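Visitor: I am new to this protein, and I would like to be walked through it with a few questions. Could we begin once the structure is in view?

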Amino acid sequence: GQEVDLLLDVYRPTVALGWKAPAVLLIHGGNFIGGSKQAGIMEAEALYFARAGFVVFNMNYRLEGSTYLVELSAVRDAVHDAKAAVRFIVDQAESFRLDPTRIAAWGESAGGITAISMNSVSSEGSSGNPGLSSNISAAVSLSGTMWPFLVASPRNEVLRDTPWFNVHSKADSVVYPFLAVMTHVYLLAKGVPDPENRLVWVSGAEHVPWSPSVRATVRPLVLNFLAEVMNLKLLCQV
C-alpha cells in the first residue's frame, strides 16, 4: 500500500517535576474513517494532561475504515500505528525526560477502542520504530471497548492485560453499552481487579459523554486512577 506520514504533537509539562515524567498517548475518534489530532477535545485533553505533569503525545493514525461496522483491518492498522507511536516515545524518552515504563493511552470512541486493545494485540505491524517495547501501563477510554473481533482472532496471542478506565453513556447508540460491560467482565476474568478496571456510567448523555460537568467530575478520578496503576508520584490536580 501507499506510505503515509503519521505525525504527532508533543506537549511538555508546564510544571517542573524534579523526576522523569510519565507520558500519555492521545488517540482521536472518528469510527476509523475520520477525525484528527486537531479535534478540540484532543487539544483540550493534551493541555490538561500537560498541566498535570505528563508529557503528552497527540497522534494521527491511518483512517482505513469505510463502513459503520468497521473492517477488522482498519482497527488492526490503527492499533499498529498506536504501538509504533509508543515505540517512538520509548526511543525518545531521554530527549523528553520521561519514564518509558510509565506510558498510558487515552482515547475517545475509535481512539478508546484502540487504546484498550493495544496490549491485547500481539502483532506489532510495520509502522516504524521496530525493536522497542510497545507496552502501555494503562488505558483510558471515552466510549471505548476492546475490539473483540481483533483480540479473539485465532492468530492473536494476548500478552498483557491492561488496567482500564472507561467513561460510557448508558444511552450510547454508537458503541453500545454492552460492549463496555463485555470488556469490563473480560478483564475481571483475566485477573484485572475492580480498582484497576473502572467503568463509569453517565446518564442523560449520548456517545462520548464529555460535557463540562462530566469533565469536572471525572478528570480528577482519571488522574487518581493513573497515579495508582502507574505507581506515580503526586500529580497536579488541575
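Guide: In this predicted model, helix α2 is mostly covered, with 14 of its 20 residues buried.

Visitor: How far apart are the end C-alpha atoms of helix α2, residues 72–91?

Guide: The expected span of a helix is 1.5 Å times one less than its number of residues. For the 20 residues of helix α2 that rule gives 28 Å, and the model agrees with the expectation because the end C-alpha atoms of the helix are apart by 29 Å.

Visitor: Is phenylalanine 54 buried or exposed?

Guide: Phenylalanine 54 sits in the loop between α1 and β3 (55–59). A residue is called buried when its relative accessible area is under 20%. Phenylalanine 54 has a relative accessibility of 0%, and therefore this residue counts as buried.

Visitor: What distance separates the C-alpha atoms of phenylalanine 54 and alanine 205?

Guide: Along the chain, phenylalanine 54 and alanine 205 are 151 residues apart. In space, the separation of their C-alpha atoms is 29 Å.

Visitor: Which helices each supply at least two residues of the lining of the largest cavity?

Guide: A search of the whole structure finds one cavity of 30 Å³ or more, and the volume of the largest cavity is about 40 Å³. Its lining is formed by Glu45, Tyr48, Phe49, Trp106, Trp210, Arg219, Val222 and Leu223, of which six are nonpolar, none is polar and two are charged. The helices that each supply at least two of these lining residues are α1 (40–52) and α7 (212–229).

Terms used
Residues numbered from 1 in each chain as written. Predicted model: local features only at pLDDT ≥ 70, side-chain atom pairs only at ≥ 80, totals over all residues. Heavy atoms only, no water. 1 Å grid on protein atoms, 1.4 Å probe; cavity = no way out; pocket = protein on both sides within 12 Å on 5 of 7 lines; lining within 4 Å. Points joined across faces, edges and corners; volume = space filled by probe spheres on them. Helix = DSSP H or I, 4+ residues; strand = E, 2+ residues; numbered from the N terminus. Nonpolar A, V, L, I, M, F, W, Y, C, P; charged D, E, K, R; others polar. Buried < 20%, exposed > 50% of the residue type's maximum accessible area, 1.4 Å probe, protein only.
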